[in-house]
Amino acid sequence: MEKIELDKVVHQELIIVGTKAKNKKEIIDQLGQLLEKKGYVTSAEEYIKDVYLREEEGETGIGQGVAIPHGKSSAVKETTVAIAVLDQEIEWETLDGKGVKIVIMFAVKDSDANTTHVLLLQQVAILLANDTFIEAAKNVKSVDALYQLITEFQ
């Protein structure tokens, strides 16, 4: 199984720390707009629609304050992730019934659906299974700090 280097799919320009988003819709919209602005998706609207289609299939709140919404979409030009650390926990459908403070939103190109996407999710899942990582991520104060944490965490 090839290991995907997270720094190939995690880009500093797609990280938001300390967002004031008040709910799931606001943060999904915010990250979708950012992906469009930075040129990773052709249409935030189309991509976000695909994210919500996936949301209907099951909970993306994986517990411990983390949610991983994702959209496989023809609007995605390059498979990547957009990440937000929220100021305040927000409500989300989660496996542990608690709120969410970290949102890691996957944008997956249709053609990558069964390859890169799966490897990406595995890599992120490995990180998210780590309590030390989660605690550190919840408390970062800057984009630089979060980027460093993700790309260097072993």
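**Entry 1: L86 and its strand**

I started with L86, which sits in strand β5 of this predicted model. Is L86 buried or exposed? I found a relative accessibility of 1%, so L86 counts as buried, the cut-off being under 20%.

Next I listed what L86 touches, leaving out residues up to four places away in sequence. The contacts are T19, A21, I27, V100, K101, I102 and V103. I picked out I27 for a distance check: I27 and L86 are 59 residues apart in sequence, yet their C-alpha atoms are 8.7 Å apart in space.

**Entry 2: the neighbours of β5**

I then looked at the whole strand. Eight of the 11 residues of β5 are buried, so the rest of the structure largely encloses this strand.

Which way does β1 run relative to β5, parallel or antiparallel? The two strands are parallel, and I counted five bridges joining β1, residues 10-19, to β5. T19 is the residue standing opposite L86 here, and T19 also turned up among the contacts of L86.

With β6 the pairing is antiparallel, over seven bridges. In that pairing I noted V85 opposite I102. I102 is also one of the residues that L86 touches.

**Entry 3: K101, a lysine without a salt bridge**

K101 caught my eye next, in strand β6. This lysine is buried but has no salt bridge. How far away is the nearest side chain of opposite charge? That side chain belongs to D87, and I read 6.3 Å. A salt bridge needs the atoms within 4 Å, so this pair does not qualify.

I looked for another polar partner and found one in the backbone: the K101 side chain reaches the backbone oxygen of K138 at 3.1 Å. K138 is accordingly on the contact list of K101, along with G65, A84, V85, L86, D87 and E89, residues up to four places away in sequence not being counted.

**Entry 4: K24 and its two acidic partners**

For contrast I turned to a lysine that does form salt bridges. K24 is in helix α2, and at 14% relative accessibility K24 counts as buried.

Which residues does K24 touch, beyond those up to four places away in sequence? I wrote down Y52, E55, I90, E91, W92 and E93.

I took E55 to begin with. The closest N and O atoms of the E55 and K24 salt bridge are 2.6 Å apart. E55 lies in helix α3, residues 44-57, and K24 in helix α2, residues 24-37, so the pair ties together parts that are 31 residues apart in sequence. E55 is buried as well, with a relative accessible area of 10%.

Then I checked E93. Its salt bridge with K24 has closest N and O atoms 2.4 Å apart. E93 lies in the loop between β5, residues 80-90, and β6, residues 100-109, so this bridge to K24 in helix α2 links parts that are 69 residues apart in sequence. The two side chains also make a polar contact at 2.4 Å. Is E93 buried, partly exposed or exposed? At 42% relative accessibility I have to call E93 partly exposed.

**Entry 5: the other salt bridges**

How many salt bridges does the structure hold? My count is five. One of them joins D29 to K25, with the closest N and O atoms 2.4 Å apart. D29 and K25 are both in helix α2, four residues apart, which is about one turn of the helix. D29 counts as partly exposed, at 22% relative accessibility.

I also traced which bridges share partners. K24, E55 and E93 are joined into one network in this way.

**Entry 6: a length check on α4**

I finished with helix α4, residues 116-128. What span should its 13 residues give at 1.5 Å a residue? The expected value is 18 Å, and I found the end C-alpha atoms 18 Å apart, which agrees.

Last note on this helix: the buried residues in α4 are H117, L119, L120, Q123, V124, L127 and L128.

How values were computed:
Residues are numbered from 1 along each chain as its sequence is written. This is a predicted model: local features need pLDDT of at least 70, side-chain atom pairs count only at pLDDT 80 or more; totals for chains, interfaces and linings use all residues. Side-chain values use heavy atoms; hydrogens and water are left out. Buried means under 20% relative accessible area, exposed over 50%, partly exposed in between (1.4 Å probe, protein chains only). The expected span of a helix is 1.5 Å times one less than its number of residues. Two strands pair if DSSP finds at least two bridges between them. Lys and Arg count as positive and Asp and Glu as negative; His and the chain ends are not counted. A polar contact is a pair of N or O atoms within 3.5 Å; within protein, one must be able to donate a hydrogen and the other to accept it, and residues adjacent in sequence count only if both atoms are side-chain atoms. Contact means heavy atoms within 4.5 Å.
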